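These are my notebook entries on a handful of local features that I looked up one after another. I start with a strand, go on to two charged residues and end with the cysteines.

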Amino acid sequence: MRRLLLTLFLSFIPFVFAHGSGPRLYKWERGRCRAPGFTDMVLCYGGSHHRKAYEWDKERFDAYVTYTDTSGKEHWLFDAFLCLEFADLDRESGVKYALMADQVDGPSGGNRNWRNMIDYWFSDGNGLKALDKSVGEAAERLGKPGRKRQVVMFIPDPIPYLYAKDSGSSHVYWGELDGHQLDFLDDADRLAAYRWYVDTVRERFSKGRFKNIELAGFYVMSECITIPSEPWTDHGKLHDLIPPLSRYLHSVNEYLYWIPFSQGAGWRRGRELGFDYVWMQPNHFWRGDDCPMDTFAGYLRDEGVGMEFEFDMKVYESNPKHEMYRERFREYMRCAVREGIYGTQPITYYVDSNCVYDLSRSESSSDKAFYHEFCSFVINNPLRRSE
């Protein structure tokens, strides 16, 4: 009965909102009719204690907000920031936020852990407050940008069991909501947890009174979403949750984003599931010829998904094979230009947890040359001409 009532409620949301009496809208959401525009979104992993740099303070964000070229001229760098984390490691027991965090043997995140992640991104001197300050100070030097920098917040996966692979473990581990103990074998309860998280982030964002950043929507952590009509494995049954989650987000003029791994389950059905933007990972940087860029380009042409760029510390000069990995990354740039993505579609960038900061401050002339090569590609994105 509870599931039926929630399904009816979620299906009624678009009608109510269209007639002017839907869920509460915050200032930045009013008047929106489409997802906010951006050209280059960088993934910012934060909140796990295994990270080399744990906090996203202003100094760290400075390296992602602007770039100073070889002539000494400063430019705006990334114009969108995806705040996410898949687990909290380096503790007595790692906590999982993503169904796919197979390397984590610890428990699934519950209400307290989800709150911890929200607190992390909204804490003083860190996260979104640091980002807002960094953009504000840059605007004093460069002039106000054409639009606010966009923020996308991840949503932890509502993992059915306390221990994801153990169906004998608890499915009522998450905690209470409005006096009701949530059961994560009940889709209605999992959707209630999703909505609580979304609304809590929106409320915290409103209370932050940010001047230079805007909440653009939310990101689903799982990098594959299996669907019964295709070869089926029970991967958290997210296929039943994403469409109503999307409908709720649209009712408050927020939007839903996703970046599956190369050919991850469900990647062709992003629009059908309710995602507003889908980018796919080439994975060529790590796997080389096992994930050829020519094949990936065919997926882009046939399915119309966007492209994620990828590199990590393997490009550092200290790695004996750094030139091989740099050349693999250059294949991403050539592919984006050749396939007409560069200048026509937003691009997302996985650059490991601290690579841009490290490269910007490296004393290696080789590292700095690669840094300038990469940043020049970002700032010269022809799509920015419309900003």
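Entry one, a strand. I looked first at strand β10, which spans residues 213-220, and found that 8 of its 8 residues are buried. I keep in mind that this is a predicted model, and I read each entry below as a statement about that model.

I then asked which strands pair with β10 and in what sense. Strand β7, residues 149-155, pairs with β10 in the parallel sense over 7 bridges, and in this pairing I noted F154 standing opposite Y219 of β10. Strand β11, residues 255-258, also pairs with β10 in the parallel sense, over 3 bridges, and here F218 stands opposite L256 of β11. As a general reminder to myself, side chains in a regular strand alternate between the two faces of the sheet.

Entry two, an arginine. R60 sits in helix α2, residues 58-65, and I wanted to know what its side chain meets there. R60 is buried yet forms no salt bridge, and the nearest side chain of opposite charge, that of D57, is 6.4 Å away; the cut-off for a salt bridge is 4 Å. What I did find is a polar contact of 2.7 Å between the side chains of R60 and N354. Leaving aside neighbours within four places in sequence, I listed the contacts of R60 as Y45, A53, Y54, E55, S353, N354 and Y357.

Entry three, a glutamate. E331 belongs to helix α10, which runs over residues 322-338, and I recorded E331 as partly exposed because its relative accessible area is 26%. Not counting residues up to four places away in sequence, E331 touches H284 and M293. I also took the C-alpha separation between E331 and D294, which is 9.6 Å for two residues that lie 37 apart along the chain.

Entry four, the cysteines. How many disulfides does the model contain? With sulfur pairs required to lie within 2.5 Å, I count 0 disulfides. C83 is in no disulfide, and the nearest cysteine sulfur, in C44, is 5.6 Å away. C83 has 0% relative accessibility and therefore counts as buried.

Why is C224 without a bond? Its closest cysteine sulfur, in C291, is 15 Å from the sulfur of C224, so the two are too far apart for a bond. C224 also counts as buried, because its relative accessibility is 10%.

Key. Residues numbered from 1 in each chain as written. Predicted model: local features only at pLDDT ≥ 70, side-chain atom pairs only at ≥ 80, totals over all residues. Heavy atoms only, no water. Buried < 20%, exposed > 50% of the residue type's maximum accessible area, 1.4 Å probe, protein only. Helix = DSSP H or I, 4+ residues; strand = E, 2+ residues; numbered from the N terminus. Contact = heavy atoms within 4.5 Å. Lys, Arg positive; Asp, Glu negative; His and termini not counted. Polar contact = N/O pair within 3.5 Å; in protein donor to acceptor, adjacent residues only side chain to side chain. Pairing = 2+ DSSP bridges.
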